[in-house]
Amino acid sequence: MNISIGSFTIKYSYYYTRCMSDGVTIPGLPGYVSVKEAAEMLGVSDKRVYQYVMAGRLPARRIGHMLILPVEEVRRFRPQPSGRARTRSPSWRVYRSRGTLLVTDIAVAVRPGCQVHLLEKLRTIQQEDRHLFPGTVARYVLKDEHEQTFQMLRILLVWKDTEMPDEATRQRDLAAFQAELADLLDWSQVQIHTYEALLHT
């Protein structure tokens, strides 16, 4: 039976809190995923998935006290950005904080067939708040948005030169990151370049 979306009644509040406490997966149900699995696919919390369902943004079905969601709907779903949308693009700026802004660009190949495992591993690193590269002011891990089986990963580390650690420290932190992902990324052909930012937003 499809869940009817409307006011958050006491009945659905019961199902909501009950499902939140379960936090389990539903194996062997083709075409559907549990709330926990949907949350992992979207990179959000279980609670956020329930909010999407109750708002009518994600379809769901109920089995007992558990919700299941069509996997294709979850794959197509795009969460709306939080906050107000920008009305104009930010202006270019020049870094003026008594130093230089540097960007280390790391390009590394993904081992064949390891894309899904890699995404899971990166999610674990994020959740456990590891490999923070002390001294960075921003970090990005990038893949081609149009490729389902992406072959390259790019890591961007943004530093202020006044806070950038010495070479030995940077190499140590990078080596720890490489060791963690050695079975998923081919570091033998890694390309690393550091650039100075001339303009930024």
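In this predicted model, helix α6 lies across strands β4, β6 and β7, and its direction makes an angle of about 145 degrees with β7. The strands beneath this description belong to an open sheet of four, ordered β5-β6-β4-β7 and paired in the antiparallel sense. Helix α6 also takes part in the largest nonpolar core, to which β4 (101-110), α5, β6 (152-160), α6 (167-180) and β7 (185-196) each contribute at least two residues.

**The four-stranded sheet**

- Strands β5 and β7 occupy the edges of the sheet and have a single partner strand each, so one side of each is left without a neighbour in the sheet.
- From one strand to the next, the twist averages 15 degrees.
- The antiparallel pair β5 and β6 is joined by six bridges, and Tyr 140 stands opposite Leu 156 of β6.

**Nonpolar cores**

- The largest nonpolar core comprises 21 residues, and those with the most contacts inside it are Leu 118, Leu 153, Ile 155, Leu 181, Leu 185 and Trp 187.
- Apart from this largest core lies another, of 16 residues, which includes Tyr 50, Leu 58, Leu 67 and Leu 69.
- When residues up to four places away in sequence are not counted, Leu 153 touches Ile 106, Ala 107, Val 108, Val 110, Leu 118, Leu 122, Val 141, Leu 142, Lys 143 and Leu 185.

**Helix α5 and the loop that follows**

- Gln 115 belongs to helix α5 (residues 115-127) and is buried, with a relative accessible area of 12%; a polar atom of the Gln 115 side chain lies 2.9 Å from the backbone oxygen of Phe 150.
- Beyond its neighbours within four places in sequence, Gln 115 is in contact with Val 110, Thr 149 and Phe 150.
- Most residues other than glycine have a negative phi. Against that background, Asp 129 has a positive phi near 55 degrees, and Phe 133, which is not a glycine either, has a positive phi of about 50 degrees.
- Asp 129 lies in the loop between α5 and β5 (136-142), and Phe 133 is likewise found in the loop between α5 and β5; yet Asp 129 is exposed at 53% relative accessible area, whereas Phe 133 is buried at 7%.

**Strands β1 to β3 and helix α3**

- Strand β3 (residues 66-70) is mostly covered, four of its five residues being buried.
- Strand β1 (residues 32-34) runs antiparallel to β3 and is joined to β3 by three bridges, with Ser 34 opposite Ile 68.
- Strands β2 and β3 also pair in the antiparallel sense over three bridges, and here the bridge partner of Arg 61 is Ile 68 in β3.
- Two residues separate β2 and β3 in their hairpin, and Gly 64 in the turn has a positive phi of about 65 degrees.
- The buried residues of helix α3 are Val 49, Tyr 50, Tyr 52, Val 53 and Met 54, and just after α3, Gly 56 takes a positive phi of about 80 degrees.
- Ala 60, in the loop between α3 (46-54) and β2 (61-63), is buried at 7% relative accessible area; Ala 60 and Glu 73 are 13 residues apart in sequence, with their C-alpha atoms 9.5 Å apart.

**Salt bridges**

- The model contains nine salt bridges.
- Glu 72 and Arg 75 form a salt bridge in which the closest N and O atoms are 2.7 Å apart; being three residues apart in helix α4 (residues 71-76), Glu 72 and Arg 75 are separated by about one helical turn. Glu 72 is partly exposed at 39% relative accessible area, as is Arg 75 at 49%.
- Asp 105 pairs with Arg 154 in a salt bridge, the closest N and O atoms being 2.6 Å apart. Asp 105 lies in strand β4 and Arg 154 in strand β6, so the pair ties together parts that are 49 residues apart in sequence. Asp 105 counts as buried at 10% relative accessibility, whereas Arg 154 is partly exposed at 38%.
- Glu 180 forms a salt bridge with Lys 121, with 3.2 Å between the closest N and O atoms. Glu 180 lies in helix α6 and Lys 121 in helix α5, so this pair ties together parts that are 59 residues apart in sequence. Lys 121, at 26% relative accessibility, counts as partly exposed.
- Salt bridges with shared partners join Lys 121, Glu 128, Arg 130 and Glu 180 into one network.

Key
Residues numbered from 1 in each chain as written. Predicted model: local features only at pLDDT ≥ 70, side-chain atom pairs only at ≥ 80, totals over all residues. Heavy atoms only, no water. Buried < 20%, exposed > 50% of the residue type's maximum accessible area, 1.4 Å probe, protein only. Polar contact = N/O pair within 3.5 Å; in protein donor to acceptor, adjacent residues only side chain to side chain. Contact = heavy atoms within 4.5 Å. Core = buried A, V, L, I, M, F, W, Y, C linked by side-chain atoms within 4.5 Å. Pairing = 2+ DSSP bridges. Axes fitted to C-alpha atoms, helices over the stretch in contact; angles between N-to-C directions. Salt bridge = Lys/Arg side-chain N within 4 Å of Asp/Glu carboxyl O.
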